[in-house]
Amino acid sequence: MNEGIGTLKLECPQGHPVGRILKEAAYQAVQYDPGAQVGSRRFWPDERDQPQFTVHCRFCDKPVGEAAATLQTKFRTVVEDASETLAIAALPYT
Ligand SMILES: [Zn+2]
């Protein structure tokens, strides 16, 4: 049973990883995981993520971003699909 959990991998236009939006258990809140080398997980989205979620690609040294509402819709699709637990979202440069 994969219902209620999911991971949305975030990438820059070059395919570099810029973190993950995830829910590992149905009862857990949605979290943003920037990557172990970058920082710790936090609740997502919080005030600074609205309306535009922006992160820095440390490989390109450029900011990338997407509307938080768009990412929430994509993430919800993964969470509601019991057969898929992973999807990838490419964030354009801002
Ligand atoms: Zn990049």
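Here is a walk through this predicted model, from its sheet to its helix, its core and a few unusual backbone spots.

Let's begin with the sheet. Five strands make up an open sheet, and reading across it the order is β4-β3-β2-β1-β7, with mixed pairing. At the edges sit β4 (42-43) and β7 (86-90), each of which pairs on one side only. Strands in a sheet pair through backbone hydrogen bonds, in either a parallel or an antiparallel sense. For one pair to look at, take β2 (residues 17-23) and β3 (residues 31-33), which are antiparallel and share 3 bridges. If you want to find your place there, Arg 20 stands opposite Asp 33 in β3.

Now turn to the helix. α1 covers residues 68-80 and lies across β1 (6-11), β2 and β7, running at about 140° to β1. Its length fits what you would expect: 13 residues at 1.5 Å a residue should span 18 Å, and the end C-alpha atoms of α1 are indeed 18 Å apart. Which residues of α1 are buried? They are Leu 71, Phe 75, Val 78 and Val 79. These residues are on the same side of α1, because they cover an arc of only 95° around the axis. The general rule behind such patterns is that an α-helix has 3.6 residues a turn, so residues three or four places apart point the same way. The face turned away from the buried side of α1 carries Thr 73 and Glu 80, which are exposed. As for what the buried residues pack against, the list is β1, β2, β5 (52-57), β6 (62-67) and β7.

That brings us to the core. In soluble globular proteins, nonpolar side chains tend to be buried together. Here the largest nonpolar core has 17 residues, and Leu 8, Val 18, Ile 21, Val 64 and Phe 75 have the most contacts inside it. Two or more residues come from each of β1, β2, β5 and α1, and α1 gives the most, with 4 residues. Ile 21 is a good place to center your view: beyond residues up to four places away in sequence, Ile 21 touches Leu 8, Leu 10, Val 30, Tyr 32, Trp 44, Leu 71 and Phe 75.

Next come β5 and β6, an antiparallel pair joined by 6 bridges. In β5, the covered face holds Phe 53, Val 55 and Cys 57, while Gln 52, Thr 54 and His 56 form the uncovered one. In a regular strand, side chains alternate between the two faces of the sheet. Phe 53 also stands opposite Glu 66 in β6. The hairpin of β5 and β6 has 4 residues between the strands, and one of interest is Asp 61, with a positive phi near 55°. Asp 61 counts as exposed because it has 7 C-beta neighbours inside 10 Å.

Most residues other than glycine have a negative phi, and most peptide bonds are trans. Two cis peptide bonds are worth a look: Trp 44 to Pro 45, with omega near -10°, and Gln 50 to Pro 51, with omega near -5°. Pro 45 is in the loop between β4 and β5, and Pro 51 is found in the loop between β4 and β5 too.

Finally, visit Glu 11 in strand β1. With 16 C-beta neighbours inside 10 Å, Glu 11 counts as partly exposed. The C-alpha atoms of Glu 11 and Leu 91 are separated by 6.0 Å, although these residues are 80 residues apart along the chain.

Terms used:
Residues are numbered from 1 along each chain as its sequence is written. This is a predicted model: local features need pLDDT of at least 70, side-chain atom pairs count only at pLDDT 80 or more; totals for chains, interfaces and linings use all residues. Two strands pair if DSSP finds at least two bridges between them. Two residues are in contact if their C-beta atoms, placed from the backbone, lie within 7 Å. Axes are lines fitted to C-alpha atoms, for helices over the stretch in contact, and angles run from 0 to 180 degrees between N-to-C directions. The expected span of a helix is 1.5 Å times one less than its number of residues. A residue is buried if 20 or more other C-beta atoms lie within 10 Å of its own, exposed if 12 or fewer, and partly exposed in between; C-beta atoms are placed from the backbone. The arc is that of the directions from the helix axis to the C-beta atoms. A nonpolar core is a set of buried Ala, Val, Leu, Ile, Met, Phe, Trp, Tyr and Cys residues joined through C-beta atoms within 7 Å.
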